[in-house]
Each structure stands twice: as structure tokens, then as C-alpha cells.
Amino acid sequence: MVDILELYDVFKEDISSRYFPPKTVEKLIEIHQYKHEVIGKSFEDRNLYKLTFGQGNIKLLFWAQMHGNETTAARAMFDLWKFLHLPEFSKHYAKVFEIHFIPQLNPDGAQYYSRRNSAQIDINRDFNAEQSSEIQILKNLIQREKFDFLFNLHDQRSIFHPENKKYPATLSFLAPVIDVENSYSNAREKAINLISCMINRLNVILPNQIARFSHEFYPKATGDNLQKAGWPTILIESGHYNNDYQRNSSRKFTFYAILSALNALIEKENENIDANIYHQTPINDNKAFDIIYKDVCLQRTSSQCITDIGIQFEEKLISNEIHFEARIAEIGDLSDYFGHDIYHAENRVFQNELNNLPKIGMLANFKIGNLIIKNGKPQE
């Protein structure tokens, strides 16, 4: 596996931009002539594609971009698809697996880089009402087929980190719960065991940066309801990695995680794994900022205070590129938070062009002493 990871840069797809619209999916399918079908239409009449690979007995379903602005795992899956079609690996996996992959369950959201679909419905909270055509398509597919595992692929914000660790949660996992009592079922235990295999392998290459979600039941959520209905379901959240706002390092680790699941199933590692690996993995916490300025002096004519400023990036789609707009997200004692970047103001005075005081939500363009800050970052 480590050798395959070392080869990753050779075979990965050339899709480094975080913006991953439907036309890029169609282009990749056309270039490689992947086996595919259209399984339905979005609210704005865009195609929902399903790719298939293999003729084996283990049947898996992956879907990505249920939230259209969560693209890391979709790109990682196309890396996996390219890997699976390499002549030296194809037969090995094709005889074991039948893998189904929906690259974009929400192609309208993917087009507009939006979490919701074009009717402004959060598909991931539409399982019961079925108000969106997209969730109907997914549910109909799952009910028609007999899948051994379902993989629900998402992105999570850079605010997340493993509890009590000052590292980003580059990958987080969940075997969705089936009720408010946090009960266990055969399906959920199967999911926990396979996640344990993935975490066991990932801990070697990504120590301190793996987390799991807390066991909270969401009665309208897709994963919770599928698990409750008896389909072993695994949630993967691709998160932040240091200096990786296009999420290409995260994409690489997501590829490795999914390939780890395939190899664990081939080797039947999931039948004997210690499930405590899953349960002992730190839960996700949300006390990270993209940037923190420590010990900033805020000054008025007759008074001053020393405080911290936390900055978070907002993602904006501009001319088919994702831009990261830094805004002030918090002001105050941030000693229980950590920053992916930290700067020490050393009691120097905050200044801006408006009123010399920071405001929550304002663009992070200001000065600290003689240091000029543009879009959250100090300028040389």
C-alpha cells in the first residue's frame, strides 16, 4: 500500500482545482471511456452518472458531492478509478469487486459550488420527505441493488480537529447511528469494523489527524436512515491538511483510505479487526481557525486591551476558480483554540481604514503596528 501511495503522483488525475463542475466529470468519462450510465436527472436537468467497475461478488456503492461544494472525495474517487483501470491492478480488483460510483449526486450544486441543490434543498436532510429528485434516485438505486457496503463521501471545514489535538482533522469517519440511544445493529457493526481497518492503516501515514464524529442521531439524514434500514454505511469526511486549501493532499489521503477499505475486504481483515480502534479514535472538535493573531492591542484614545483575533476563510467561486476570502470570525481569548497559522502580534496596535477596531465578519485587511495584513496574511 505504501508503494502504491508513492506512485500516486504518477497515475493521479490532473484535476488539482477544488472546483469540480459537471463538465469535468463528463470529460473524464469521455477521455477514459469508463463504463457508465445516466441514472436520472437533477432539478435543472443535468445528468446523474453512475460508473461501474468489476464483476466480483463484493458489491459496493460510493456517492460524492451530495453537497455540491464538497469535491475532495469525488476527485479522489476518479484517482481510484484510474488506478483500478491500470493493467497491472485491474484484474486483481475486478474479480473481487463490483463497484458503483456516483461522482456527483448533486450536479447542480457542483456547477454553482453550492452545498444545496438548485431548489435550495439539502439533499442530505431529505431522506424522509424525498422532496428532491436526487435523493429519490439514490434511494431507488439502493433499493434495487444488494450492496454489501455504502460509502457516503463528504468534505468538512477547516474548523475541525481531533479532540485535544492541535492538528487538523484531515479525515474523519462515522458509522452513522440508528437511533438516539446509540444502539448497535449488524449493519453498523460491519461499518465500524471496516472503518477500524481504514483507521489502522491510515494511522501509519497520518498520525494525529484522524477523527470520528460523535454519535448523534439525525433523524432526517441519509446515512443514519440507510444504516437503520440495514445497509452497512460508512461516512468519510475529507478535511484540511496544512497549507492545502485546494485539498490535494487531503484528496491523496482520501484515495488511500478508500483503497485501504478495498484491500481490507480482499484480505478479510474486517472480520478480525479490533473495533476499539474506531471507538478510541478522538471525536471531531471544532476549535480551529485558519489564522490566529495572538496578543493584539486594541486601542482607543483613553483605553486599550490585549486580545486575540481569529480569522476564517470563506470560499467564493469567481471565474470558475475557488478564492479564499479571509474574514474576522472571533475576537477575544482564543487560548482554547488553535490556528493552522499563528502570528504573534506582541502587543502591537491594530489599525484599519475605518475606525481602528476589528469587527466580526469584516474582511481581514488591516495593520498590526507596521505590519500590513492582506486577506489575513502578513505582507513582506
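**Exercise 1. Work out how helices α8 and α10 of this predicted model are placed relative to each other: parallel, antiparallel, perpendicular or oblique.**

Solution. Let's take the result up front: α8 and α10 are oblique to each other. Now for the steps.

Step 1: Two packed helices are described by the angle between their axes and the distance between the axes. Here, α8 covers residues 186–205 and α10 covers residues 248–267, and they pack at an angle of about 125 degrees with 9 Å between their axes.

Step 2: Compare that angle with the cut-offs. Roughly perpendicular runs from 65 to 115 degrees, and roughly antiparallel means over 145. An angle of about 125 degrees fits neither class, so the pair counts as oblique.

Step 3: Add the handedness. The crossing of α8 and α10 is right-handed.

Step 4: Look at who does the touching. On the α8 side you'll find L194, C197, M198, R201, L202 and I205. On the α10 side, the contact residues include F253, Y256, A257 and S260. Sorted by type, the residues of this contact give eleven nonpolar, two polar and two charged.

**Exercise 2. Find out how many disulfides the model has, and check C297 as an example.**

Solution. Step 1: A disulfide is a covalent bond between the sulfur atoms of two cysteines. The cut-off to use is a pair of cysteine sulfur atoms within 2.5 Å.

Step 2: Try C297. Its closest cysteine sulfur belongs to C305 and is 7.2 Å away, so that's too far for a bond.

Step 3: Count for the model. The total is zero disulfides.

Step 4: Check burial too, where the cut-off is under 20% relative accessible area. C297 has 2% relative accessibility, so this cysteine is buried. C197, which we met in the helix contact, sits at 0% and is buried as well.

**Exercise 3. For D79, V25 and A211, say which element each one lies in, and which residue far along the sequence is paired with it in space.**

Solution. Step 1: Start with D79, in helix α4. D79 is buried, because its relative accessible area is 0%. F255 is 176 residues away from D79 in sequence, yet their C-alpha atoms are 6.9 Å apart. Setting aside neighbours within four places in sequence, D79 is in contact with Y8, F11, K12, E13, R251 and F255.

Step 2: Move to V25, in helix α3 (residues 22–32). V25 has a relative accessible area of 1%, so it's buried. Its partner Q104 lies 79 residues off in sequence and 8.3 Å off in space, C-alpha to C-alpha. Skipping neighbours within four places, V25 is in contact with F20, F78, P103 and Q104.

Step 3: Finish with A211, in strand β8 (residues 210–212). A211 is buried, with a relative accessible area of 0%. Y278 is 67 residues from A211 in sequence, and the C-alpha distance is 9.1 Å. Beyond four places in sequence, the residues A211 touches include P162, A169, L171 and F173.

**Exercise 4. Look at Q65 and R247: what is the sign of phi, and is each residue buried or exposed?**

Solution. Step 1: Q65 isn't a glycine, but its phi is positive, at about 50 degrees. Q65 sits in the loop between β3 (58–63) and α4 (72–84). With 0% relative accessibility, Q65 is buried.

Step 2: R247 isn't a glycine either, and its phi is positive at about 60 degrees. Look for R247 in the loop between β9 (233–238) and α10. R247 is buried, with a relative accessible area of 2%.

Definitions and conventions: Residues numbered from 1 in each chain as written. Predicted model: local features only at pLDDT ≥ 70, side-chain atom pairs only at ≥ 80, totals over all residues. Heavy atoms only, no water. Axes fitted to C-alpha atoms, helices over the stretch in contact; angles between N-to-C directions. Helix = DSSP H or I, 4+ residues; strand = E, 2+ residues; numbered from the N terminus. Parallel < 35°, antiparallel > 145°, perpendicular 65-115°, else oblique. Left-handed = near helix turned anticlockwise from the far one by under 90°. Contact = heavy atoms within 4.5 Å. Nonpolar A, V, L, I, M, F, W, Y, C, P; charged D, E, K, R; others polar. Buried < 20%, exposed > 50% of the residue type's maximum accessible area, 1.4 Å probe, protein only.
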